[in-house]
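Good morning, everyone, and thank you for making time for this. Please take a look at the sequence and the structure before I start, and keep both in view while I talk.

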Amino acid sequence: MNYKETLFFVAKCLTISLEEKNRIEIEQQLKKQEIDWESVVKLSTEHYVFPALYCNLKRVDFLKYLPEDLVEYMNHITTLNRERNKQIIKQAKEINQLLLDNNITPIFLKGTGNLLEGLYEDIAERMVGDIDFIVSKENYLKTIQIIENDNYSKVTEEEYSFPQFKHYNRLQKKDNIAAVEIHKELLIEKFADEFNYELVKTDSQTIHNVNVLSFANQLSLSIIAKQINDAGIHYKNMALRNAYDVFLLSKKTKAIDAFSKFDTLKSPLNCFLASCYEVFGKVASLNYAHSQDVFDYLKKFNAQISDIQKLNTTRKKAAFRVFIKARLNIIKKAFFDKAYRNWLLKRITDKNWQQEKLIQLKLKKPKPNA
């Protein structure tokens, strides 16, 4: 199985609990016993959907087609993730109650929000990193103080921290499994005026005494987290963890209408939705708005996933462009923002940082011919 075949196989497996056409197709593939399970494990692990893959195969009784040792390993990893998520849910509920007691209503985001609202049939499906939530700008500093007074401290204690626009530095608490990110913004600065707390609070929903985004905004944020905040629009690749959330949310809200309120965000969101539609096997709930932007995006997307060498080359080039753009943006901000200026000056004068960069340059230096 090449990269594209493996990607499409794993993606379709994630839909078999809800899509009959894909369930039939996947069973036929499994019966042929021609699946490259090493590639499947590698890709699903890299995309953080390994437990979700197991849960979906189990729900439709397809584990009987898999090697026994693989089933045993998948079950082990999924069990570990389920226990981790139980602890994350408990920790998030404690934070929620702490803030409610102080007249602050947090809106939980991304994976943690999805777990709290019950988006997944099995909480083990979603691999979650941090506990993310957003509060109003008026309550932002107060929230930080409340959380830090509850024995949370910075994950990384640095002499000088990079100025954060979206959220405060990650916080951790002894004997708690997840780090916490307190947001005052949802997007990088360029798009913050279009998708922010003021917009999402108007139709946020309360489920099990916890506030989460509306389903339409959850779907949008699932894409935004990849396309905008992680520069996915430049890489034109697939992130199955985000895509799986989009698929599940498309069963709760009309995906094609979720972006109607946006202007500049509409195109990158629709491009990702289009790639989801293709990879998941043209699922009807993932229908997207056709445009020249989407056509061009899909053309490049399909070309990359069909050629792994081209995919890796494109990733490297895109990463370099994103890196340069980010650094130029920091220099630009340093002229007008004291926090950025102080950070930049301290980095430049930091001898340890200088030595680190010198070592990196030496490592990148071409070796002489033998």
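**Helix contacts, rings and buried residues**

Let me begin with helix α9, residues 215–227, whose axis comes within 10 Å of the axis of α12, the two crossing at roughly 100°. Because of that angle, α9 counts as roughly perpendicular to α12. I should say straight away that this is a predicted model, so please hear everything that follows as a description of a prediction. Which residues make the contact between α9 and α12? On the α9 side they are S220, I223, I224, K226 and Q227, and on the α12 side they are P268, L269, C271, F272 and L273. Sorted by class, this contact of α9 with α12 has seven nonpolar residues, two polar ones and one charged one.

I would now like to turn to another pair of helices. Helix α1, which covers residues 3–13, and helix α3, which covers residues 37–46, have axes that come within 10 Å and cross at roughly 70°. Angles from 65 to 115 degrees count as roughly perpendicular, and α1 and α3 are therefore described in that way. The crossing in which α1 passes α3 is right-handed. From α1 the contact takes in Y3, T6, L7, F9 and V10, while from α3 it takes in W37, S39, V40, L43 and S44. The classes here are seven nonpolar and three polar residues, with no charged residue in the contact of α1 with α3.

That brings me to the aromatic rings, for which the count comes to seven pairs. One of them is formed by F9 and W37, an edge-to-face pair with 6.0 Å from centre to centre and 75° between the planes. This pair links distant parts of the chain, since F9 sits in helix α1 and W37 in helix α3, 28 residues apart. Are these two residues buried or exposed? F9 is buried, and W37 is buried as well.

A further pair is that of F247 and F280, where the ring centres are 5.6 Å apart and the planes stand at 35°, so the pair is classed as tilted. Here too distant parts of the chain are linked: F247 belongs to helix α11, residues 240–249, whereas F280 lies in the loop between α12 and α13, and the two are 33 residues apart. F247 and F280 are both buried.

Next comes helix α4, residues 50–59, in which eight of the ten residues are buried, so the helix is largely enclosed by the rest of the structure. The buried ones are F50, P51, A52, L53, Y54, C55, N56 and L57. What do these buried residues of α4 pack against? They pack against α1, α2, α3, α5 and α11. Just after α4 we reach D61, which takes a positive phi of about 60°.

Let me finish with a single residue, I89, whose place is in helix α5. The relative accessibility of I89 is 15%, and because buried means under 20%, I89 counts as buried. If we leave aside the neighbours of I89 within four places in sequence, I89 is in contact with L115, L116 and I123. How far apart in space are I89 and T112, which are 23 residues apart in sequence? From C-alpha to C-alpha, I89 and T112 are 7.2 Å apart.

Conventions. Residues numbered from 1 in each chain as written. Predicted model: local features only at pLDDT ≥ 70, side-chain atom pairs only at ≥ 80, totals over all residues. Heavy atoms only, no water. Axes fitted to C-alpha atoms, helices over the stretch in contact; angles between N-to-C directions. Helix = DSSP H or I, 4+ residues; strand = E, 2+ residues; numbered from the N terminus. Parallel < 35°, antiparallel > 145°, perpendicular 65-115°, else oblique. Left-handed = near helix turned anticlockwise from the far one by under 90°. Contact = heavy atoms within 4.5 Å. Nonpolar A, V, L, I, M, F, W, Y, C, P; charged D, E, K, R; others polar. Phe/Tyr/Trp six-rings, centres within 6.5 Å; stacked < 30°, edge-to-face > 60°. Buried < 20%, exposed > 50% of the residue type's maximum accessible area, 1.4 Å probe, protein only.
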